[in-house]
Amino acid sequence: MTADLLRPDVALDAFNTLRLPARAAWFAAVESADQLRAVLDDARVAGLPRFVLGGGSNLVLAGDFAGLVLHVAFRGRARVQEDADAFYIRAGGGENWHDFVRWTLEMGWPGLENLSLIPGTVGAAPVQNIGAYGIEMAEHFYSLRAYDLATGKTVGFDKADCRFGYRDSFFKQQGAGRYLIAAVTFRLPKRWVPRMGYADVARELEAGGIATPTPLQLSDAVIAIRRRKLPDPAEIGNAGSFFKNPVVSAADYARLAAAHPGLPHYPQADGSHKLAAGWLIEQAGWKGRRLGPVGCYERQALVLVNHGGACGADVRAASAAVRADVRARFGVDLEPEPVFIGG
Ligand code: EPU
């Protein structure tokens, strides 16, 4: 069975949205626990490093990978439970995130609409706790089922186990590289309240003359905003926001705000302030600017794009140059958001 599943020397270009060229020594797309077990038991890949690949939309392939790439292709979507307050909806880790979100809305289970059009898969969503337009996935997360590649056992995680943070989770920290997320269950409250607080969303709805949107209208508004601001990975290679929005202390914020009027900021519950990395990058002169084949997108400086022919080293070089200029100008260090592998 694994003769078909396990493929040697596979090009990963089509499996990463930055479209960087890299090869995997071994590659297998797995659709089920049985397939996964068969691949992991295959003597040809015994002892090799493993990498779990979803949609490749938050990934920098810095070079070839001398191990086994496991492409998660677990499918399936279903309502698994319902109580007085909520619907519980489960999807396979390999399901496309945006198709899943639209399906939930069409089925009458709203809640995820502000996360429309985020590239990637359902299984990758908890890893970096995807977020946009005023909500994070963690808000509607209920549980997940993962395979522990170290022990070969299936493990259940509830919300507390996942230790979600801003673009962060257990799976990016202590659990990094160890688990394959097979299925995720979301809890979607029956009492739905539209989230229109984000300025772009409020403006978009107002422009459309919509005062009380339906979930699908809210999803459509988010799609329109994203299409306008963010590059479509099908047209130009990119991995979404390349840096996290940095969080600084109240004292650092006060110093920066005094020196830079108009500095966008989001006060946090603990007194710190989140800054807009896109604004810092634009002020540092990088919006639309390139270093070799990699540059900051002309409509959203936070997104690094591959203008064609870039390799992992080009992305590293552009990322380092942007970071250095932002550090020199503002004294703020930007942390890349995607995961780097290979090289
Ligand atoms: N800004 C600039 N110049 C730019 C980009 C942004 O001045 O080139 C300013 C904007 O004017 C605004 C502020 O920065 O005042 C924030 O911009 P925006 O609303 O576009 O959001 P963001 O903070 O740049 C974050 C997420 C996005 C998410 C949007 C909307 C991160 C790292 N990024 O971007 O997520 O779609 O908010 O919620 O938190 C992703 O993670 O891949 C991603 C696209």
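Let us start inside the fold: Thr104 lies in helix 3. Helices here are DSSP runs of H or I with at least four residues, strands are runs of E with at least two, and both are numbered from the N terminus. The model is a predicted one, in which local features need pLDDT of at least 70 and side-chain atom pairs count only at pLDDT 80 or more, while totals for chains, interfaces and linings use all residues. Residues are numbered from 1 along each chain as its sequence is written, and side-chain values use heavy atoms, with hydrogens and water left out.

**Helix 3 and its cover**

Is Thr104 buried or exposed? Thr104 is buried, because its relative accessible area is 0%. Buried means under 20% relative accessible area, exposed over 50%, and partly exposed in between, with a 1.4 Å probe and protein chains only. Leaving aside residues up to four places away in sequence, Thr104 touches Ile89, Trp109, Leu112 and Leu188; contact means heavy atoms within 4.5 Å.

Thr104 has plenty of company, as eight of the ten residues of helix 3 (residues 97–106) are buried. Among them are Trp97, Phe100, Val101 and Trp103, and the buried set also includes His98 and Arg102. The cover over these buried residues includes strand 6, strand 7 (86–92), strand 12 (179–189) and helix 6 (215–229).

Both ends of the helix deserve a look. At its start, a side-chain oxygen of Asn96 reaches to within 3.1 Å of the backbone nitrogen of His98. Just after helix 3, Gly108 takes a positive phi of about 90°.

**The sheets**

Strands 6, 7 and 12 bring us to an open sheet of five strands, with the order 6-7-12-10-11 and antiparallel pairing. Two strands pair if DSSP finds at least two bridges between them. Strand 6 (77–82) and strand 11 (154–158) are the edge strands, each pairing on one side only. On average, neighbouring strands of this sheet are turned by 20° against each other, direction ignored; the axes are lines fitted to C-alpha atoms, and angles run from 0 to 180 degrees between N-to-C directions.

Strand 10 (residues 141–148) is joined to strand 11 by five antiparallel bridges, and Ala146 has Val155 in strand 11 as its bridge partner. Elsewhere, strand 1 (residues 7–11) runs antiparallel to strand 2 (residues 23–30), with four bridges between them; here Pro8 stands opposite Trp26. Strand 2 also pairs with strand 5 (residues 65–72), this time in the parallel sense over six bridges, and the partner of Ala24 in strand 5 is Phe65.

**Around the ligand**

Which residues come nearest to the ligand? Of the 24 residues around the ligand, they are Tyr133, Tyr166, Tyr198, Glu282 and Ala301; a residue is near if one of its heavy atoms lies within 4 Å. The table lists polar contacts, meaning pairs of N or O atoms within 3.5 Å.

| Residue | Protein atom | Distance to a ligand oxygen atom |
|---|---|---|
| Tyr133 | backbone N or O | 2.6 Å |
| Arg167 | side-chain N or O | 2.9 Å |
| Lys287 | side-chain N or O | 3.4 Å |

Taken alone the ligand exposes 820 Å², and the protein buries 83% of that; these areas come from the Shrake-Rupley method with a 1.4 Å probe. Strand 8 (131–132), helix 6, strand 13 (237–241) and helix 8 (277–283) each give two or more residues to the shell. Helix 8 provides the largest share, three residues.

Key. Polar contact = N/O pair within 3.5 Å; in protein donor to acceptor, adjacent residues only side chain to side chain.
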